[in-house]
Amino acid sequence: MHSSFWSPLVGTLKPYVPGEQPRMAGLVKLNTNENPYPPSPRVLAAIHAASLSGLERYPDPESIELRRAIAAHHGLQWAEVFVGNGSDEVLAHAFLAFFQQGGAPLLMPDITYSFYAVYCDLYGIPVQKVPLREGLRLEVGDLVAKGTPTAGVVVANPNAPTGIGLPLADVQQLLRLHPDRVVLVDEAYVDFGAQSAVSLIEQYPNLLVVHTLSKSRSLAGLRVGVAMGQRHLIDALERVKNSFNSYPLDKLAQAGAQAAYEDQAYFDQTRQAVMHSREGLALQLEDLGFEVLPSQTNFLFVRHPAHDAGVLAAGLRERAVLVRHFRLPRIEQYLRITVGTPDQCLALIEALRPLLSV
Ligand SMILES: *Cc1c(COP(=O)(O)O)cnc(C)c1O
């Protein structure tokens with residue numbers, strides 16, 4: 001084959017596999033944790049306005065206006081905010097910036113966002129996975145490497161795909177356990193009812209908080225991610241970014257993302273709607289016999305004691321409902337179901353009934 005042309009590393013990579021984005025119409029798509037509601041109309045207006053002039057020029061390489069809007073939203077300085085082309089890119093830069101520490105392992109839970117281990121492969125960072133406890137709960141005191149140096153810690157809070165959030169006191173404990181290393185808290189789902197660690201930034205020089213506009217701000221298609229931390233951390237991310245791509249955010253993305261932060265009312269309305277649907281859907285799934293983990297996200301992680309998760313996922317697919325099933329140790333009997341609109345939740349429940357014969 002042509003792989004003889006590849007750099008040796010490429011053949012060893014185990015790339016992340018995103019949930020499918022089928023082109024089929026009429027699917028109830030509950031497999032990739034997108035927001036079921038469209039972005040704020042103000043976002044669309046801002047993108048349209050930005051498109052009318054200046055596309056022949058490079059965009060602002062520093063995305064200053066957007067960073068100002070994000071900083072204002074969180075009570076930070078703009079120099080404490082970094083933006084990138086989706087939080088996946090922000091995470092990639094952070095792993096390179098902070099976690100290549102002379103072969104020391106990066107600590108993470110055994111069940112978490114699977115992209116973390118992919119970046120570690122890419123950058124040659126060893127991984128030390130810490131098992132979640134009973135009920136797929138994280139005990140933060142377990143995130144320590146006994147006697148050996150560590151490269152740092154990464155946690156998703158709330159965790160993916162479990163949906164379980166950590167209280168702020170646990171994040172603080174983690175920051176104190178690793179004062180000399182960066183603790184990266186990926187808050188992709190925090191706006192659906194969890195506690196953000198952004199308020200701790202002033203106090204902890206080792207805290208980096210990562211957000212995305214893909215979930216709570218309905219902008220997965222725009223590709224905008226955010227990191228927040230003290231200046232010295234943001235400076236490191238800028239150095240990496242400017243060694244990779246000076247213009248990660250195009251002009252339209254910068255304008256649209258800024259408008260998203262400026263429409264607080266729409267943001268609150270849509271995330272409240274999702275949280276409300278989540279509570280209703282959880283009760284309905286429990287009525288059908290599912291065990292539902294407590295979720296502070298826009299998805300539910302569920303298992304049925306009497307039905308195989310893979311069979312259920314395949315059966316739902318035949319009925320045009322997509323959910324996510326991970327064939328991974330410890331969670332192969334779980335389904336991850338994105339909270340949709342009330343109609344989509346109803347379609348899911350109706351599709352499940354014949355599969356469970358109820
Ligand atoms: C969705 C998700 C991301 C990626 O978000 P993008 O900004 O779309 O790249 C990062 N982390 C977690 C835990 C996620 O679920």
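**View 1. Ala320, a partly exposed residue in a predicted model.** Ala320 counts as partly exposed, at 27% relative accessibility. Keep in mind, here and in every view below, that the model is predicted. You will find Ala320 in the loop between α10 (309-318) and β11 (321-323). Its backbone deserves a look too: Ala320 has a positive phi of about 65° although it is not a glycine. For background, most residues other than glycine have a negative phi.

**View 2. Leu136, a buried loop residue with a positive phi.** This leucine sits in the loop between β4 (127-130) and β5. Phi of Leu136 is near 55°, again a positive value in a residue that is not glycine. The relative accessible area of Leu136 is 7%, under the 20% cut-off, so Leu136 is buried.

**View 3. Two cis peptide bonds in the loop between β5 and α6.** Let's start with Pro158, which lies between β5 (152-156) and α6 (168-177). The peptide bond that leads into Pro158 from Asn157 is cis, with omega near -5°. Pro161 belongs to the loop between β5 and α6 as well. Here the bond from Ala160 to Pro161 is cis, and omega is near 5°. As a reminder, most peptide bonds are trans.

**View 4. Helix α9 and what covers its buried residues.** Helix α9 runs through residues 264-287, and its 24 residues should span 34 Å at 1.5 Å a residue; the end C-alpha atoms are 35 Å apart, which agrees. Among the buried residues of α9 are Tyr266, Phe267, Val274, Met275, Leu281 and Leu285. The buried set also includes Arg271 and Arg278. The cover over these buried residues includes two helices, α2 (41-51) and α11 (342-356), along with the strands β9 (291-292), β10 (299-303) and β12 (335-338). Just after α9, Gly289 takes a positive phi of about 100°.

**View 5. The whole protein chain, for orientation.** Stepping back, the chain has 11 helices and 12 strands. Its radius of gyration is 21 Å, close to the 21 Å that the globule rule gives for 358 residues, so the chain is as compact as a globular protein of that length. The C-alpha atoms fill a box of roughly 60 × 55 × 55 Å along the principal axes. Of the 358 residues, 54% count as buried. Among contacts with a separation of 6 or more, 74% come from residues 24 or more positions apart. The chain exposes about 16,400 Å², and carbon and sulfur atoms supply 54% of that area. Finally, the mean positions of the 30 positive and 35 negative charges are 3 Å apart.

Conventions
Residues are numbered from 1 along each chain as its sequence is written. This is a predicted model: local features need pLDDT of at least 70, side-chain atom pairs count only at pLDDT 80 or more; totals for chains, interfaces and linings use all residues. Side-chain values use heavy atoms; hydrogens and water are left out. Helices (H or I, at least four residues) and strands (E, at least two) are DSSP runs, numbered from the N terminus. The radius of gyration is taken over C-alpha atoms; the globule rule is 2.2 Å times the number of residues to the power 0.38. Buried means under 20% relative accessible area, exposed over 50%, partly exposed in between (1.4 Å probe, protein chains only). Contact means heavy atoms within 4.5 Å. Accessible areas come from the Shrake-Rupley method with a 1.4 Å probe; for residues, only the protein chains shown count as cover. Lys and Arg count as positive and Asp and Glu as negative; His and the chain ends are not counted. The place of a charge is taken as NZ of Lys, CZ of Arg, CG of Asp or CD of Glu. The expected span of a helix is 1.5 Å times one less than its number of residues.
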